[in-house]
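Trainee: Could we go through a structure together today? I would like to learn how its parts meet.

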Amino acid sequence: MKTSGKLTAVKGLLLIFFAVSVLLPLLRMLARMTTVDIRGLLVSGPFLAALKNSLVVTAVSTLIAVFLATLLSWLLERSRIRFKGLFALLFTLPMLIPSISHGMGLVVLFGANGLVTGWFGLKGSIYGFWGIVAGSVMYSFPVAFLMLSDILRYEDSSPYEAADVMGISRRHQFASITAPFLRRPMLSTLFAVFTLIIIDYGVPLMVGGQYKTLPVMMYQDVIGLLDFGKGSVIGLVLLTPALVAFILDVLNRDKLTLSFVARPFRVRKNRLRDGLAYVTSGLVSLAVLLPIAAFLLLTLVKKYPSDMRLSMDNISRAFNMGAGANLGHSLVIALVTSLTGVALSFLVAYMTARTPGKLSKILHLVSLISLAIPGIVLGLSYVLFFKGSLIYGSLAILILVNLVHFFASPYLMIYNTLAKLNEHLEAVGQTLGVSRISIIRDVILPQAGGTLAEMFTYFFVNSMMTISAVAFLATAGTRPLSLMITSFEAQMLLECAAFIALLILTVNLLVKGLFTYYRSRKERSAYEPDQAAV
Amino acid sequence: MKRVGGILLAFLLIFLAVGCGKSGDEKVIVYLSSEEYRVEYFQKRLKEEFPHYEVVLEYLPTGTHAAKLEAEGLETECDISFELDYGYLGSLEKLFADLSAYDSSPYLAELVPDSGNYLPTLRNGGCIAINREILEQKELPVPDNYRDLLKPEYKGLISMPNPKASGTGYMFLKSLVNAWGEEEALAYFDALTSNILQYTSSGSGPVNALVQGEAAIGLAMTAQTVTEINRGVDLELYFFEEGSPYSLYGMAMIKGKETRPAVKEVFEFFKDSLVIEDKELFFPEKIFKERDFVLENYPVDILYADMSGDSPAEKARLLEKWDH
Amino acid sequence: MGKNKLTVEKLSKQFGTNEVLQNISFTVEEGEFLSILGPSGCGKTTLLRILLGLETAESGRIIKDGIDIAGLPPAQRGMGMVFQNYALFENMTVLGNVEYALKKRGGSKKARSTALELIERVGLSGHLSKKPRQLSGGQQQRVALARTLAVNPDIILLDEPMSALDVETRLALRSEILDLQKEFGSTIIYITHDQEEAFAMSDRIMVMHEGVIQQIDSPHKLMDQPANDYIRAFVIHNIQVKIDSLIRYSREAK
């Protein structure tokens, strides 16, 4: 009874933490909603038009991104091409820079006077529907790619081998084995990508032209008109897809715990398929690298496009304006956010995944709320709630806001990992006279190592590139690097903005590289006998 | 467990350590939305003038500046707000200290706000900026008036800031509403929309689009256009007969902060020296009754549009009707 | 045999309004192999958790060797448990799994030698440095048994240990478990929903349904004198079907 009392106390503390860091600030924000004519807003012409635009452009972008991701993850997992690691790394590059930079990249490349437009004499405009689609696909494709690669990597090959033996055609194999196997993960990937795209305003703000989406409308209401109430209402509307995804996820959470060792695929020789894989992977890599090359070019010329002489002006200008100090702030923020974030999400997920009870369910729900709060709304609610407090204006509030903003995804990663571990481990410990803490340290943590590293990377990368939530909370002494992109962009110093994007990319790439190295080492050791123990 | 506790404790300490900022009577915090090169100049001058003070110039894009003040209210750490546009200043009025003790007679009368809670710092005029090279490529004439811009041959060549996001965009809208009447002006922009390449979110968007060759005609900021011309970019600027629309920017002290001598000194230095130096160096447009400033390539004797009746309520009302 | 090892008196447990165990009383004799047989949801796992001390009962007593152990923590009850799916420590080797608890309780040198001896006795000496996922299901079960035996319990509880295995392994493991029981002289409480398994291995079988003991008797007696219709329908009918199919299976295998 004693231990369960302790667990309840920990859960209570965690709930208090979430109340203070999520619920109360949000309530402060929502209090401003009472003055809004919600019904009037929701049936107004501009709102409905923006809603329709958002839905259409998000749906199209989602379908394209997931289709591309399916194709490429399948080609990488089921072909014999070389440089798979390199391709996989390239495909995920766009995840490592802020979405607003993708918009910028598109303008530089495909704008009326863009580099590519110039070379090929293209006509037509990137601004509008297809601009948003292109930018959205850019940054959401890597997410879908990672999710689907994971699924395909752990698919069991034995049903296919059996089907081959029985002489079942490839098409039937696809219909009766692959399709049912992929249905659930495909659905969650579609939802994840959809949610990601529909709340983004970075891309539509840059290349949306007159195609106005809901997040842009929210942005203009909140920032342009100081109408926080109306903005929050739109924010709540944007929350719906995440909520639906969450409910579906809860309803579908069954039999996930059954773990079995899948037999890996033995890929046969197939020239045509491998050729196709090379071509497609190469094309996508090119598409990913183009904007980055454009940033590099922009960084290194004097003034694009009128003065194309090489120069270090933009770099030294960025550093004169504090890029060095801001990089320092960003690194501290990202590091502390990642460490506390990993610790906190592990603790919460341990409680919700491995100690049943009503409190655990509430905690689980609260943990996922942050998934759906748009950054602008979260940032402003923090201003409203924390102004005048000790942490206001300090690095601590930036760390806290990032922690909350990015909590849900890493939490879900570790939640799934912990839920898959045998449910009786702690009970085994109890019957053997080994404490819960020892079991966590010696058995659970070592098995969660890969996930923990992935969570760390997630927190770190996102803290490095986030703009929306921190924009209102940073001061001159705490300003993270990413905010320099918006201020350069506002002053139309695209060259400097491009350099900052590259700087962020470099840092994130390093962290991501370390993670990949760590995981590949870990995966290798998991399947090898442990010599040291003998 | 001990180790975990140790780590948590360490985090707590980091939080507290970074949580404790410095404070003091010597520190003055200014939120400002001026361009980077002007901020740099102000910073240099402030250091010369107040070596014993720590004056923090906190650059914030206009919207963030206003949204942050609105949310922080009187608890803000900001002491002086510099260069918000009059629309924002009007809606944030209740936050500002009364400035009626200062002599407002040197300013043009129409620039002095009724409330007396803020003072003008800058007039930002608009012009029609042209990238002649692109027009010539397409063999198109330079437009003569607003109506010309509706011609189908200019389709996709015009850039304008979105009035909802940018004060520059709004001033074009308001000037035509005053000149032609509301209905006609709105109908005009409805028609113009189909010719517009993109409504930019920032007032500086159109000139940049022109510089980059994205667009040929910009409803733009005069000062920015001149800056680019002086940098050697081949742009031209025109005013149509309705006159140059303009928006006004001002400065204010947060209520309660005016009692601090340091804040007051810095505010007065901005008012009496920096604003004037800024006119001499960067933004010469007229705000004083009896003082004019001349800058290379800057048009003189600009005919300004009628911008009367501009208030936050009017802006909100007009923007309600704006659905682009 | 004959000496009372464990006496359970009037054990009751509710989850909300759901009465999971109603007034359960039974005894287990020293060295006995007792199976608890019942469909899932009949309360058998809850009963096991209460015996182990992982769960507390609302009322009732648990007496082991004459002492009421209901208040003791799990590790001091002298009971070991082999969990469903074994719950092995996947990150540790076979040796690591078995010696882990011993090391935690002090004396790592002694832990090593005890563990090595146990692993030898369950016949896994050749697999010391393998990880659980490199072992077969049967081998995993033996690791779980060795890990449980390491802390020297005198009653071992097994919760559906065979459910993840194929038929052949099950048959082989049955005799292995019985052999180990003889060797270590343990008393075994064995949970299963497989009638045929219970009949083949047990000294006595306790049939549970909806939180109530339907009958406790030797397999013979259960067959000859079923206490009620439930036993007749659920236990005996199914066992006959099972036996028939097994006979068929062994014929085909030949």
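Trainee: How many Å separate the centres of domain 1 of chain B and domain 2 of chain B?

Mentor: In this predicted model, the centres of those two domains, taken over C-alpha atoms, are 28 Å apart. The assignment gives residues 25-123 + 248-281 of chain B to domain 1 and residues 124-246 + 303-320 to domain 2.

Trainee: How many residues does the contact take from each of these domains of chain B?

Mentor: Domain 1 of chain B contributes nine residues and domain 2 of chain B contributes seven residues. The area buried between them is about 730 Å², with 56% given by carbon and sulfur atoms.

Trainee: How many salt bridges are counted between the two domains of chain B?

Mentor: The count is zero salt bridges. For residue pairs in polar contact, with both at pLDDT 80 or more, the rule also finds zero.

Trainee: Which elements of domain 1 of chain B give two or more residues to that contact?

Mentor: They are α4 (86-91), β4 (119-130) and β9 (246-253) of chain B. The largest share of this side, three residues, comes from α4(B). By class, the side has four nonpolar, three polar and two charged residues.

Trainee: Let us move to chain A. Where do its domains lie in the sequence?

Mentor: Domain 1 of chain A covers 1-35 + 312-523, and domain 2 of chain A covers 56-212 + 267-308. Their C-alpha centres lie 26 Å apart. The contact between them takes 26 residues from domain 1 and 24 residues from domain 2.

Trainee: What area is buried between the two domains of chain A?

Mentor: It is about 2300 Å², and carbon and sulfur atoms give 71% of that area. A:Glu495, A:Leu502 and A:Leu505 supply 22% of the area that domain 1 of chain A buries against domain 2 of chain A, more than any other three residues.

Trainee: Which side chains meet in a salt bridge there?

Mentor: The side chains of A:Asp313 and A:Lys302 do, at 3.4 Å from N to O. The rule finds one salt bridge across this interface. There are also six residue pairs in polar contact, both residues of each being at pLDDT 80 or more.

Trainee: Which elements supply the domain 1 side in chain A?

Mentor: Those giving two or more residues are α14 (313-320), α21 (436-465), α22 (482-490) and α23 (494-527) of chain A. The largest share, 14 residues, comes from α23(A).

Trainee: Now the two chains. How many residues does the contact take from chain A and from chain B?

Mentor: It takes 58 residues from chain A and 52 residues from chain B. Together the chains bury about 4700 Å², 60% of it on carbon and sulfur atoms.

Trainee: How many salt bridges are there between the chains?

Mentor: The count is two salt bridges. In a salt bridge between the chains, the side chains of B:Glu58 and A:Arg479 meet at 3.0 Å, N to O. Seven residue pairs are in polar contact, both at pLDDT 80 or more.

Trainee: What about B:Glu72: is it buried or exposed?

Mentor: B:Glu72 counts as buried because its relative accessibility is 0%, and the cut-off for buried is under 20%. This residue is found in helix α3 (residues 62-72) of chain B.

Trainee: Which residues does B:Glu72 touch?

Mentor: Leaving out residues up to four places away in sequence, B:Glu72 touches A:Val383, A:Lys387, A:Tyr392, B:Tyr31 and B:Glu77. With A:Tyr392, its side chain forms a side-chain polar contact of 2.3 Å.

Note on methods
Residues are numbered from 1 along each chain as its sequence is written. Chains are lettered from A and ligands numbered from 1 in the order in which they are written. This is a predicted model: local features need pLDDT of at least 70, side-chain atom pairs count only at pLDDT 80 or more; totals for chains, interfaces and linings use all residues. Side-chain values use heavy atoms; hydrogens and water are left out. Domain bounds come from an automatic or database domain assignment. Contact means heavy atoms within 4.5 Å. Buried area is the accessible area (1.4 Å probe) that two parts lose on being put together, summed over both. A salt bridge is a side-chain nitrogen of Lys or Arg within 4 Å of a carboxyl oxygen of Asp or Glu. A polar contact is a pair of N or O atoms within 3.5 Å; within protein, one must be able to donate a hydrogen and the other to accept it, and residues adjacent in sequence count only if both atoms are side-chain atoms. Helices (H or I, at least four residues) and strands (E, at least two) are DSSP runs, numbered from the N terminus. Buried means under 20% relative accessible area, exposed over 50%, partly exposed in between (1.4 Å probe, protein chains only). Ala, Val, Leu, Ile, Met, Phe, Trp, Tyr, Cys and Pro count as nonpolar, Asp, Glu, Lys and Arg as charged, and the others, Gly among them, as polar.
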